[in-house]
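Here's a quick tour of a structure, taken piece by piece. Have a look at it first, then read on.

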There are 2 protein chains.
Amino acid sequence: MTQPVQNDLPLPEARIERHSLHEAILNRLRDMIIEGHLPPGSRLNEGQIGAQLGVSRTPLREAIKFLASEGLVELIPLRGAVVKAFGAKEIQDMLEVIRILEQSAGTRACEVANDDAIVGVRKLHDQMIDCYQRGDRLNYYKLNQAIHSAIVALAGNEALSEVHARLQMRLKRVRFIGHEGAEKWASAVSEHQDMIEALEARDAQRMSDVLGRHLTQAWIRVRDNLEGAGAPG
Amino acid sequence: MTQPVQNDLPLPEARIERHSLHEAILNRLRDMIIEGHLPPGSRLNEGQIGAQLGVSRTPLREAIKFLASEGLVELIPLRGAVVKAFGAKEIQDMLEVIRILEQSAGTRACEVANDDAIVGVRKLHDQMIDCYQRGDRLNYYKLNQAIHSAIVALAGNEALSEVHARLQMRLKRVRFIGHEGAEKWASAVSEHQDMIEALEARDAQRMSDVLGRHLTQAWIRVRDNLEGAGAPG
DNA sequence: CTTCTGTCTTCTGTATACAGAGTACTTGAT
DNA sequence: ATCAAGTACTCTGTATACAGAAGACAGAAG
């Protein structure tokens, strides 16, 4: 790490800025958790991960503490951190809170969102439909999350967006593994279609209803894919 | 700066366990922020605070990262952490999210809470009324928070309770300074009276209504006490 | 008097060192 | 062969050391 660096070469983006190490480690750890490289319940070996990431334990531990407050890992005294494993009940509860937040945000969005922002959501929606038709699950998934975040953002409530983002982050892994069948995917797309129409019509009641239905269905879809997902309870 | 520091950390009863240092530092820092010892916008000098608490910078920095994820402090690259200063809009937004959460929780509580738990809330309420009649503002304040947390807990949704607790934590300082006048205090008590009655009657609609009113009023009460509270925006 | 610049101090960010608890392995007895 | 106790290794938690950036200050130039 403290090698004699030759400074006449630009090294376009290889170099990690001192001040961005924390963020960099955070993102790497989140990815490792979400992508299942660090499975739920597994311990985070600081020495090993630090070596793997090329940083010492000090900033790594700080990042782990940050993740602990985010709820992605759990701190166990004298035994370090383990990747948090969510049970079915916990997942259901989180999805219910997300539902509550999105319904409120959606209702508010119909009242206060400006037209340009709604057009922005429509564009995301069209892109997502495109991914659906091409069978591009990964980008569909990403756009799906982006759309939900965007709708929440339309409400113009920073705290609401933040809380929503945090919960969505925790569920990323759970939803990441869920490869639902064709008909479930189709119904999800259909719900999204209703959603964007309600939004464009600024029909708050319909928006709230369809969001409620969508999130309830989301839970059902997740639950069915939850058999051996290492989720106790 | 490297003076022999007198260990005046908690030391509540004898020995501090190795594994509890993290929690101890966290609580101390939270207290220092909530009680205004570290005013909003001020930088956290790691050396100074570490000496004051009798710990080295390493565990202190880890606690600061944790608080950053909680939203109590803000990390500024190469400049450390500063106590987060909330503007009026941010406070209003947070209170709105709390309102949303409490209304949902209150509604659900009327459906699923068991009788004993409701009796528990009633006891807290009676204690709070007692504090009101004795003019004991500090304990009134604490019981007030406890009651709201308890009502949310009645819904039996861990994620909901956690999100609610986090937001309430952030607002602790703001509400801590708010010394409202007699008539405002009286109306708050009156709202709480409605609240407990609605809960005992398991009247979900009324519960949601009174909670909505109570939280809206809470914002008004806070706003009026927000003049020179160092809150930009 | 103002402003710019070079230097010095202070503080953050990271790495390394060390002590103690946890974990696994080995050895001995039943 | 199984189980228990002792031992050695591993890993966490904390302290200290060090490099570099930010901020403060003083002196010189305009």
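By what turn and what shift along the axis can chain A be laid on chain B?

## How the two chains relate

Keep in mind that this is a predicted model. A turn of 180° with a shift of 0.0 Å along the axis lays chain A on chain B, and the RMSD is 0.0 Å. That's the relation of a two-fold axis. As a general point, two copies of a chain are related by a rotation about an axis plus a shift along it.

The interface tells a matching story. Of the interface residues of chain A, 100% are also interface residues in chain B, so the copies meet through the same surface.

## Where chain A touches chain B

Chain A puts 24 residues into the contact, and chain B puts in 24 residues too. On the chain A side, three helices each supply at least two residues: H3 (57–70), H4 (88–112) and H7 (158–177). H3(A) has the largest share, with eight residues.

What classes of residue make up the side of chain A that touches chain B? It's a mix of 11 nonpolar, five polar and eight charged residues.

## Around DNA strand D

Now for the DNA. Strand D is surrounded by 23 residues, and the closest are Glu46(A) and Gly80(A) from one chain, with Leu21(B), Ser56(B) and Thr58(B) from the other. Both chains also contribute helices here: H2 (46–53) and H3 of chain A, along with H1 (21–34) and H3 (57–70) of chain B, each supply at least two residues of the surface near the strand.

Which helix gives the most to that surface? H3(B) does, with three residues. By class, the residues near DNA strand D split into seven nonpolar, eight polar and eight charged.

## A helix pair in chain B

Last stop: H6 (residues 137–154) and H7 (residues 158–177) of chain B. Their axes come within 9 Å and cross at roughly 160°. An angle over 145 degrees counts as roughly antiparallel, and that makes H6(B) roughly antiparallel to H7(B). The crossing of H6(B) past H7(B) is right-handed.

Which residues do the meeting? From H6(B) come Gln145(B), His148(B), Ser149(B), Val152(B) and Ala153(B), and they meet Leu160(B), Ser161(B), His164(B), Ala165(B) and Gln168(B) of H7(B). By class, this contact between H6(B) and H7(B) has four nonpolar and six polar residues, with no charged ones.

Key: Residues numbered from 1 in each chain as written. Chains lettered and ligands numbered in written order. Predicted model: local features only at pLDDT ≥ 70, side-chain atom pairs only at ≥ 80, totals over all residues. Axes fitted to C-alpha atoms, helices over the stretch in contact; angles between N-to-C directions. Helix = DSSP H or I, 4+ residues; strand = E, 2+ residues; numbered from the N terminus. Parallel < 35°, antiparallel > 145°, perpendicular 65-115°, else oblique. Left-handed = near helix turned anticlockwise from the far one by under 90°. Contact = placed C-beta atoms within 7 Å. Nonpolar A, V, L, I, M, F, W, Y, C, P; charged D, E, K, R; others polar. Near = placed C-beta within 6 Å. Least-squares fit on C-alpha atoms with pLDDT ≥ 70 in both.
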